[in-house]
Amino acid sequence: MCRPRNTSLIHTSVLFLALVAMVGMTPPPPRPLPPTPPNSTLLFDSALHGNSLRNCSCASEIQDCSDTLANLLCSCRTVPRSSLPPAGLRMQGGLTVWVHDGWLLRELLNGSTVQDLRLSACGRAALSPPFPPRYLALFGLRSLRVFSSAPGAAHPEQALTISPGPTWDVSGAQVGMPPAPFHVSFLDVSVLNGRSSLKAYSVNSSSAANLTQHFPHLPLPHAPPQHGHPQQACLLTFIY
């Protein structure tokens, strides 16, 4: 007489199903898939598109200053130069900017609000006449990464993080970091030539009004982003 194979395995499976039905066990739910990382924003000026701006959304990091790769791998659209916001950008999270011509620094990036900035100088024209502004005013900046394609650059790629740790007030005393300060950074555009190492120096003030008393010629905006109160704590960072 022939007996069915794997009899013990069949009995074990039947007993397990019966036990599940008796105690009301349910199989564990499937694990959720990890969230897809958000696309990053890439901006660069393009002479091939009428000296306008290319606004790209990229799923992965693109090699610096590689316009062809960006147009191929990212979802890009052309923004006319005449329609750029006059008061700078308002970005949440990270932003990558490739600069081929200095007008992009003057007309778009200066006065922008951005937390994490990747700034690349692509070719000699980025710092050639008509020159970009000596300093860029940036609001809310937490981290900066700069890249220079200049031949022979001693520091072609650099990065720094603006730490919210203890800072020094205008009188020279060490103070703790106040909550939610009004933060403005002044970036020396010459760092884009890659000739010197990136440095930063921060000054903390109890209010923006107090800071202007000690630095009367500092080009602070009359109406800072988010309409900060005059008594709001202020952190000023020089990046050079």
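User: Happy to dig in! What is the strand order of the open sheet of seven strands?

Analyst: This is a predicted model, where local features need pLDDT of at least 70, side-chain atom pairs count only at pLDDT 80 or more, and totals for chains, interfaces and linings use all residues. Strands are DSSP E runs of at least two residues, numbered from the N terminus, and two strands pair if DSSP finds at least two bridges between them. Strand 3 (75–79) and strand 9 (157–161) are the edges, each pairing on one side only. With mixed pairing, the order reads 3-2-1-4-6-8-9.

User: Which residue of strand 4 does Phe 44 stand opposite?

Analyst: Good one to look up in the model! Residues are numbered from 1 along each chain as its sequence is written, and side-chain values use heavy atoms, leaving out hydrogens and water. Strand 1 (residues 40–46) and strand 4 (residues 94–99) pair in the parallel sense over three bridges. Opposite Phe 44, in strand 4, is Trp 98.

User: And the five strands that form an open sheet: what is their order?

Analyst: The edge strands here are strand 5 (112–113) and strand 13 (200–205), each pairing on one side only. Pairing is mixed, and the order is 5-7-12-14-13.

User: Which residue in strand 14 is the bridge partner of Phe 186?

Analyst: Strand 12 (residues 182–188) runs parallel to its partner, strand 14 (residues 234–239), and six bridges join the pair. In strand 14, the bridge partner of Phe 186 is Phe 238.

User: Is Leu 72 buried or exposed?

Analyst: Leu 72 lies in helix 2 (residues 67–73), a helix being a DSSP run of H or I with at least four residues. Buried means under 20% relative accessible area, exposed over 50%, and partly exposed in between, with a 1.4 Å probe and protein chains only. Because its relative accessibility is 64%, Leu 72 counts as exposed.
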